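Open your viewer and get ready to click through this protein one stop at a time. Please take me on as your guide.

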Amino acid sequence: MRGMCAPPWFVPHIGRVVRHSAGLGVTWLLVGIAASLTAVPCGHAQDAVPSSRPDGTLAHHASRPNIIVVVVDDLGVGDVGFCHGRDIATPNLDQLAREGAVFAQGYVLPMCSPTRAALLTGRYPQRFGIEDNRLLDGRATGMDIREFTLAQALHKAGYVTHLVGKWHLGQGAQWQFAPYHRGFDHFLGFYGAAGTYFDPLLSRNGTEQSFHGYNTDILTDAACEIVADRAQRGAEAPPFFLHLAYLAAHLPQQAKPDDLARYAHLDPTRRMAAAIIHNLDENIGRLMQSIQDNGMDDRTLLFFLSDNGGEPPILGTSNGPLRGQKFDLYEGAIRVPFLARWPGHIPAATQFEPMVHVTDIFPTALAAAGHKPSGELDGVDLLPILQGKITGRPHERLYWLTTDHAQWRRPDRDTNDAQRMAAMRLGEWKLIDLGSDRPQLYRIPSDPAEAHDLAAAEPNRVQQMLKELNAWRESMTPQVVPSDHPIYGRAALQRKGP
Ligand SMILES: [Ca+2]
């Protein structure tokens with residue numbers, strides 16, 4: 001396998017390469033340091049502040065793009081053609097890659113809820129006590145309402161905001177954590193980790209509604225309606241923000257018979273994933289056709305990413321040559337298919353090699369809307385570097401902290417004692433601290449499969465990175481699962497027994 005600097009999925013149609021492997025841009029360095037040193041644990045007042053154009057006028061509706069963030073569930077880099085995928089046809093996603101920027105090192109968190117929390121706040125969710133899914137599973141708890149979401153920011157900036165699909169950031173006894181109280185004007189979807197593929201029952205702003213058909217098709221129909229409705233309102237109407245969060249390819253997997261028939265040559269587990277992803281790609285094609293048919297192609301900034309890596313044995317999704325899977329901290333868990341497309345604004349066929357993080361979507365989207373966040377974010381605006389206005393890398397450092405999910409439901413111990421696992425990227429290096437063993441050290445560009453642990457050969461580097469990682473951990477807010485949590489609380493677990 002070739003190294004990360006020449007990843008094999010970048011086939012010849014990708015023409016522009018952004019490396020910036022030497023020389024960290026001063027601006028990015030300052031942004032990174034400011035974000036790491038000054039972000040507050042929670043409860044900060046965050047707001048969207050209009051940014052003036054050079055002529056002093058504010059951005060006008062007609063010049064502001066619609067913003068679409070497509071999140072797919074549990075797909076890995078081995079599932080799409082523009083990464084390592086080879087056995088599933090994804091021509092529509094591959095076309096997006098040709099027309100936009102592919103993030104070769106696009107990082108997320110290793111499971112559903114933390115990634116969605118990071119996306120919608122632009123911040124490490126550990127800052128507000130989220131290390132894994134548990135506090136965002138079920139109806140009792142949810143994401144800290146003091147956190148200011150991207151939907152709130154864009155709503156305040158004049159956008160009409162939509163969540164179509166999966167939420168998984170909690171509900172609350174008073175529905176205070178529900179998406180329609182967190183900045184989304186319109187919600188059509190489901191609240192928890194999983195939905196139903198066929199004939200789903202979906203919530204429309206809190207009212208349940210039965211649908212006939214296949215989940216991915218239904219969600220795409222809703223997305224296309226939003227696009228068409230915006231077009232019919234004319235150029236002076238407000239732009240929209242659409243967070244399109246598909247169920248595909250999460251459990252409980254079901255596929256359409258025609259799609260299963262296309263992949264009869266694959267083993268049953270992979271076949272199911274392939275059928276779901278094939279249909280997903282066709283729906284991406286429908287959405288893009290709708291955008292083009294309505295004349296919005298160069299007025300739409302679109303991100304596409306998976307919320308975590310694949311889980312091959314369970315879901316049949318694939319992380320290609322990367323080690324690990326959903327829930328752990330190897331590359332297969334946290335490096336995902338990730339791209340951005342905005343014709344005329346993000347150069348087509350860009351291979352972007354520096355590390356990019358899911359938190360970057362918040363400030364990038366807000367900048368595209370002509371605004372800037374006033375709060376402390378961990379993400380950075382990617383547009384200046386994608387557009388070649390500055391050089392450098394968005395991130396020199398990235399951090400991860402999660403728990404061993406195999407220990408979430410052990411009735412013989414406090415659920416809060418589940419083993420913590422942490423990792424850090426510092427330039428080319430990656431440190432993984434699983435807590436129960438000595439730290440591991442990998443040099444990712446030359447060893448993206450994390451096959452060669454260099455910890456023994458680099459003891460000083462390990463100690464220095466461990467010191468930095470621990471300092472970051474100590475600056476976060478520890479996650480606490482209440483003892484009365486209906487799913488993971490001590491009482492609930494004791495009732496279930498071993
Ligand atoms: Ca997921």
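The tour below starts with the whole chain and then moves from one element to the next.

**The whole chain**

Keep in mind that this is a predicted model. Show the protein chain as a cartoon, and you can look for 13 helices and 17 strands. How many of the 498 residues count as buried? The share is 51%. Now think about which residues meet each other: among contacts between residues at least 6 apart in sequence, 70% join residues at least 24 apart.

**Two helices side by side**

Select residues 215-232, which are helix 5, and residues 268-293, which are helix 7. Their axes come within 9 Å and cross at roughly 10°. Angles under 35 degrees count as roughly parallel, and helix 5 and helix 7 are therefore roughly parallel to each other.

Next, display the side chains where the two helices meet. On the helix 5 side, pick Thr216, Asp217, Thr220, Ala223, Cys224, Val227 and Ala228. Their partners in helix 7 are Asn279, Leu280, Asn283, Arg286, Leu287, Ser290 and Ile291. Try colouring this contact by residue class: you should find seven nonpolar, five polar and two charged residues.

**A fully buried helix**

Move to residues 112-121, which form helix 3. Are its residues buried or exposed? Here 10 of the 10 residues are buried. The run begins with Cys112, Ser113 and Pro114, and the buried residues also include Arg116 and Leu120.

To see what covers helix 3, add strand 3 (66-72), helix 4 (150-156) and helix 10, which are among the elements that do so. Then click on Gly122, just after helix 3, where phi is positive at about 70°.

**One of its covers**

Since helix 10 helps to cover helix 3, stay with it for a moment. Select residues 361-368, and you have a helix in which seven of the eight residues are buried. Those buried residues are Ile361, Phe362, Pro363, Thr364, Ala365, Leu366 and Ala368. Just beyond the end of helix 10 sits Gly370, with a positive phi of about 85°.

**A four-stranded sheet**

For the last stop, find an open sheet of four strands, in the order 14-15-16-17, with antiparallel pairing. Which strands are at the edges? They are strand 14 and strand 17 (440-443), each of which pairs on one side only. As you rotate the view, look for the twist, which averages 15° from one strand to the next.

Now zoom in on strand 15, residues 420-426, where five of the seven residues are buried. On one side, strand 15 pairs with strand 14 (residues 397-403) over seven antiparallel bridges. Two facing pairs are good to label here: Leu401 stands opposite Ala422, and Trp400 stands opposite Ala423.

Strand 15 also pairs with strand 16 (residues 429-433), this time over five antiparallel bridges. Label Leu426 and you will find Trp429 of strand 16 opposite. Strand 15 and strand 16 make a hairpin with two residues between the strands, and in that hairpin Gly427 takes a positive phi near 60°.

Finally, bring in residues 459-475, which are helix 12. Helix 12 packs on the sheet and touches strand 14, strand 15, strand 16 and strand 17. Look along strand 16 and compare directions: that of helix 12 makes about 65° with that of strand 16.

Conventions
Residues numbered from 1 in each chain as written. Predicted model: local features only at pLDDT ≥ 70, side-chain atom pairs only at ≥ 80, totals over all residues. Buried ≥ 20, exposed ≤ 12 C-beta atoms within 10 Å, placed from the backbone. Contact = placed C-beta atoms within 7 Å. Axes fitted to C-alpha atoms, helices over the stretch in contact; angles between N-to-C directions. Parallel < 35°, antiparallel > 145°, perpendicular 65-115°, else oblique. Nonpolar A, V, L, I, M, F, W, Y, C, P; charged D, E, K, R; others polar. Pairing = 2+ DSSP bridges.
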